[in-house]
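I opened the model to look up a few points and note them down. The entries follow in the sequence in which I worked.

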Amino acid sequence: MIEVKDLVKKYGEHVAVDHLNFTVEKGQILGFLGPNGAGKSTTMNMLTGYISMTGGSVTINGFDIYEEPEEAKKAIGYLPELPPVYPDMTVREYLKFVMDIKKVPRGQRAAMLADIMARTQVTDVADRLIRHLSKGYRQRVGLAQAIVGYPEVIILDEPTVGLDPMQIIEIRDLIKELAKKHTVIISSHILSEISEVCDTVMIINKGKLVVMDSVENLPKHLERSISLKLVVRGEEGQIRTALGSVDRIEKLTFEPAEEDGLLAVSIGTRERADVREEVFYALAAAKCPIYGMTVDNLSLEDIFLEMTKGDEGAQEQVQNFTIDGEEE
Amino acid sequence: MLAIYKKEMRTYFTSIVGYLFLAFFLALIGLYFYAQNLYSGSPNFGYALGGVMMFFILLVPMVTMRIMAEENKQKTDQLLYTSPISVTRIILGKYFSILSMFGIVMLVTCVYPPVMAQYGTINFKQSYACILAFFLMGAAYMAIGLFISALTESQAFAAIMTFVVVIISVFASQIAVLLPTDAKTAWLIFSVLLLGIAGISYVVMHNITVSILIAFLMELALFILYQAKPEALDGAVLNVFGWFSISDRFTDFVYGEFAVSAVVYYVSYCVLFVFLTIQAVKKRRWS
């Protein structure tokens, strides 16, 4: 469906997008994740043919965006960072204009207009000037514009920015519904959003692809081992000996727990091994009762922090990044 | 192309600018018609149009400043350039909408010669040739305005630049006459012009090396010419200013001559600047 090969964008000396390679299959929802300035919007602008690439190629539906732009663009609906709306048009006029330039056959227009306005819930503001609409409504009009003509590929650059929580949920549902028939690419720096909606995540940092995989598989790419957190009653030495018999345990750390006489133990394992049963029997045999055991599941935040680690510039970004995520 | 054209026409008529342009333009033509033809009793409609000509300085920026700059500013260009229409069609749609606004004025103007005929004999052929030439002249100025608007995000900047360019063009021949005709002055003036061209090339291409190279090569060529054959530069300023003087060409029509060369000149201007606009837009997305 979408094939990106060796995509490069340079602004003078600055490399905004650095040899990106990926493919998106029909019906996939791809989440495009990265800190601010990672090259998300630049990449999307190149995918949609708004700006040119310095090198590489983008093929949409078999048509090269550079060689056959008109054919390729027919298959794309695009919502850029700022919704490209004309303030002095009403919502209805605007959507009709978009139908015009996207060459929607005349017979389908009335039905399509009604359907799209209902889906994006702009019907009640259809005859108001876009100038007078709130940011959330403008965003929805922008989204309506992107699905005009029901293109096969829908590319959305931070679609939920400026929406209230209720609208965010509605837009997410809409995106999920769209994904049944369309291929969708969404960019965001809000992690919860991506994990909610997408089946595949692509993390980019400083224009480079860090990882691309399904949401479930992402933790596998981590070097960090999986860890267990236990609350155990007993002496440190006793527990250490008991756990010494369990294979594949790499790291043990002890801290006093909140309750007296209990210890909080974290266990790091090699090769992401699941050692919960072994740990249980070992400690039971040593008569060190387990008061609590949790698997330290990594959230996308952790994964992201991990993936972009070792890069001071990115680290700073990441700070903001998690804060943004939490605001959600 | 039709979609863009319709959208632009609607924008003109939903904002005050379109009405202001039409009203202002028609009022001026009416005023000059009254002064030159009715009050002074001249049967030559070209005089009235010749008087209105200098108001292109204001009228052209008025109708062209918004046309591209506003799209760049509102980021609606992202919608246009990612939709399945070529840049050429987008620009042509916009240019034709400008021409239509001007065309409306010219259509109304076509009423004047028959009105004049009520009071005496007039030369219809010449009157309508004047109106046609006036339209083509305006079209050439408006192509320049379109081009300037495509270079910027600011309507104000587009308006001021267009204003300056049109003013230079309107008064080019008058200015040229005042300048000394010797070779040294010519050399200096051309050097300044070359700098201007290099400056424009930088605005269009955003490549300082190329612009400096262009300036350097042209200046070198000019200097060699100045050293080797200074007599070639005698009076050259007048000629060169003459080439750029869009308004001068109109005078032929006023004196009753149908100058085919002038028509070709105007049409080439339009084609050249529409072409440059298309290139500038493509280049902008390329840099």
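**Entry 1: an aromatic residue in chain B**

I began with B:Phe96, which touches B:Met1 and B:Tyr5 when residues up to four places away in sequence are not counted. I keep in mind throughout that this is a predicted model. I located B:Phe96 in helix 6 (residues 87-109) of chain B. I then asked whether B:Phe96 is buried or exposed, and the relative accessibility of 35% makes B:Phe96 partly exposed, because that class lies between the limits of 20% and 50%. I also looked up the separation of the C-alpha atoms of B:Phe96 and B:Glu8, which is 9.3 Å, although the two residues are 88 residues apart along the chain.

**Entry 2: where the chains meet**

I turned next to the interface, where 31 residues of chain A are in contact with 23 residues of chain B. The size of an interface is often given as the accessible area lost when the parts come together, so I looked up that value as well. For chain B and chain A the buried area is about 2500 Å², and carbon and sulfur atoms give 61% of that area. How many salt bridges does the rule find across the interface of chain B and chain A? I noted one salt bridge, in which the side chains of A:Asp100 and B:Lys6 meet at 3.6 Å, N to O.

**Entry 3: the domains of chain A**

For chain A, I took down the domain assignment, which gives domain 1 as 2-221 and domain 2 as 227-295. The centres of domain 1 and domain 2 of chain A, taken over C-alpha atoms, are separated by 47 Å.

**Entry 4: a sheet in chain A**

I followed an open sheet of four strands in chain A, whose order is 12-13-11-14 and whose pairing is antiparallel. Which strands are the edge strands? I found strand 12 (249-256) and strand 14 of chain A in that role, each pairing on one side only. On average, neighbouring strands of this sheet are turned by 20 degrees against each other, direction ignored.

I then went through the pairs one by one. Strand 12 and strand 13 (residues 262-269) of chain A pair in the antiparallel sense over seven bridges, and A:Ile249 has A:Thr269 in strand 13 of chain A as a bridge partner. Strand 11 of chain A is joined to strand 13 of chain A by seven bridges, again antiparallel, with A:Leu230 opposite A:Val265 in strand 13. Between strand 11 and strand 14 of chain A, which also run antiparallel, I noted five bridges, and here A:Lys229 has A:Thr294 in strand 14 as a bridge partner.

I also checked helix 8 (residues 236-244) of chain A, which lies across strand 11 (227-233), strand 12 and strand 13 of chain A and runs at about 160 degrees to strand 12.

**Entry 5: positive phi values in chain A**

My last entry concerns backbone angles. For A:Gln121, a residue other than glycine, phi has a positive value near 55 degrees. I placed A:Gln121 in the loop between helix 4 (106-119) and helix 5 (135-147) of chain A, and noted that A:Gln121 is partly exposed, with a relative accessible area of 37%.

Phi of A:Lys287, also a residue other than glycine, is positive and near 55 degrees. I found A:Lys287 in the loop between helix 9 (276-285) and strand 14 (290-295) of chain A. With a relative accessible area of 70%, A:Lys287 is exposed, because that class begins over 50%.

Key:
Residues are numbered from 1 along each chain as its sequence is written. Chains are lettered from A and ligands numbered from 1 in the order in which they are written. This is a predicted model: local features need pLDDT of at least 70, side-chain atom pairs count only at pLDDT 80 or more; totals for chains, interfaces and linings use all residues. Side-chain values use heavy atoms; hydrogens and water are left out. Helices (H or I, at least four residues) and strands (E, at least two) are DSSP runs, numbered from the N terminus. Buried means under 20% relative accessible area, exposed over 50%, partly exposed in between (1.4 Å probe, protein chains only). Two strands pair if DSSP finds at least two bridges between them. Axes are lines fitted to C-alpha atoms, for helices over the stretch in contact, and angles run from 0 to 180 degrees between N-to-C directions. Contact means heavy atoms within 4.5 Å. Domain bounds come from an automatic or database domain assignment. Buried area is the accessible area (1.4 Å probe) that two parts lose on being put together, summed over both. A salt bridge is a side-chain nitrogen of Lys or Arg within 4 Å of a carboxyl oxygen of Asp or Glu.
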